[in-house]
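These are my notebook entries on a structure that I had not examined before. I set down what I looked up, entry by entry.

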Amino acid sequence: MDPGGADIWLVHYDPRTIQVAVRAGENGGRTIPHRDIVRQLIRIGSWSGRPETIALPSAASIEGLKSAVLIQAGPGGPILAAAKI
């Protein structure tokens, strides 16, 4: 484990496939499907590498969204673990 530990994130995402019109750039004028779009990202704690229990915040009633928990090494580091909840 990195000496700086890791962040624990709660992610709320939309599992639907949504068609998005691209207005500019190399894909300008095309419509591209997007899936699993993150709608909310909440830092819920830190992890030192030892087993622990963390209470999740009460679920905001956002209809149709799914949730997952991510463990991320340091700010902007790699994802060490992920689980759908």
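**Entry 1. The sheet**

In what order do the strands of the open sheet lie? I worked on a predicted model, and I found the order β2-β1-β3-β4 for its 4 strands, with antiparallel pairing. I noted β2 (31-47) and β4 (79-84) as the edge strands, each of which pairs on one side only. I also looked up the angle between neighbouring strands: on average they are turned by 25 degrees against each other, direction ignored.

I then checked the secondary structure of the whole protein and counted 0 helices and 4 strands. Read along the sequence, the pattern is β-β-β-β.

**Entry 2. The strand pairs**

How many bridges join β1 and β2? I found 14 bridges for this pair, in the antiparallel sense. As one point of reference I noted that Ala 6 stands opposite Trp 47 in β2.

I turned next to β1 and β3, which run antiparallel and are joined by 8 bridges. Here Tyr 13 has Lys 66 in β3 as its bridge partner.

The third pair I looked up was β3, residues 66-73, with β4: they pair over 5 bridges, again in the antiparallel sense. I recorded two facing positions for these strands. Ala 68 stands opposite Lys 84 in β4, and Ile 71 stands opposite Ala 81 in β4.

I also followed the chain from β3 to β4 and found a hairpin, with 5 residues between the two strands. Gly 74 lies in the turn and has a positive phi of about 55 degrees.

**Entry 3. The salt bridges**

How many salt bridges does the structure hold? I found 2 of them, and I took them in turn. As a general remark I wrote that side chains of opposite charge can pair when their charged atoms come close.

Arg 43 forms a salt bridge with Asp 7, and the closest N and O atoms are 3.0 Å apart. I noted that this pair links distant parts of the chain, with Arg 43 in strand β2 and Asp 7 in strand β1 (residues 6-21), 36 residues apart. Is Asp 7 buried or exposed? Asp 7 counts as buried, because its relative accessibility is 15% and the limit for buried is under 20%. Arg 43 is partly exposed, at a relative accessible area of 45%.

Arg 16 and Asp 14 meet through their side chains in the other entry on my list, a salt bridge of 2.6 Å, N to O. I looked up the accessibility of both partners. Asp 14 is buried, with a relative accessible area of 4%, whereas Arg 16 counts as exposed at 54%.

**Entry 4. His 12 and Ile 42**

I chose His 12, which lies in strand β1, for a closer look. Is His 12 buried or exposed? With a relative accessible area of 8%, His 12 is buried.

Which residues is His 12 in contact with, leaving aside its neighbours within four places in sequence? I listed Ile 37, Val 38, Arg 39, Gln 40, Ile 42, Leu 65, Lys 66 and Ser 67.

From that list I followed Ile 42, whose place is in strand β2. Ile 42 is partly exposed, with a relative accessible area of 26%. Apart from neighbours within four places in sequence, Ile 42 is in contact with Ile 8, Trp 9, Leu 10 and His 12.

I then compared two of the contacts of His 12, namely Ile 42 and Ser 67. These residues are 25 residues apart in sequence, and their C-alpha atoms are 11 Å apart in space.

**Entry 5. The whole protein**

I closed with values for the protein as a whole. What is its radius of gyration, set against that of a compact globule of 85 residues? The protein has 16 Å, whereas the globule would have a value near 12 Å. Along its principal axes the C-alpha trace spans about 50 × 30 × 15 Å.

Of the 85 residues, 24% are buried. The protein exposes about 6,200 Å², and carbon and sulfur atoms supply 53% of this area.

My last check concerned contacts with a separation of 6 or more. Residues 24 or more positions apart account for 60% of them.

Methods:
Residues numbered from 1 in each chain as written. Predicted model: local features only at pLDDT ≥ 70, side-chain atom pairs only at ≥ 80, totals over all residues. Heavy atoms only, no water. Pairing = 2+ DSSP bridges. Axes fitted to C-alpha atoms, helices over the stretch in contact; angles between N-to-C directions. Rg over C-alpha atoms; globule rule 2.2 N^0.38 Å. Buried < 20%, exposed > 50% of the residue type's maximum accessible area, 1.4 Å probe, protein only. Contact = heavy atoms within 4.5 Å. Areas by Shrake-Rupley, 256 points an atom, 1.4 Å probe, with all protein chains shown as cover. Salt bridge = Lys/Arg side-chain N within 4 Å of Asp/Glu carboxyl O.
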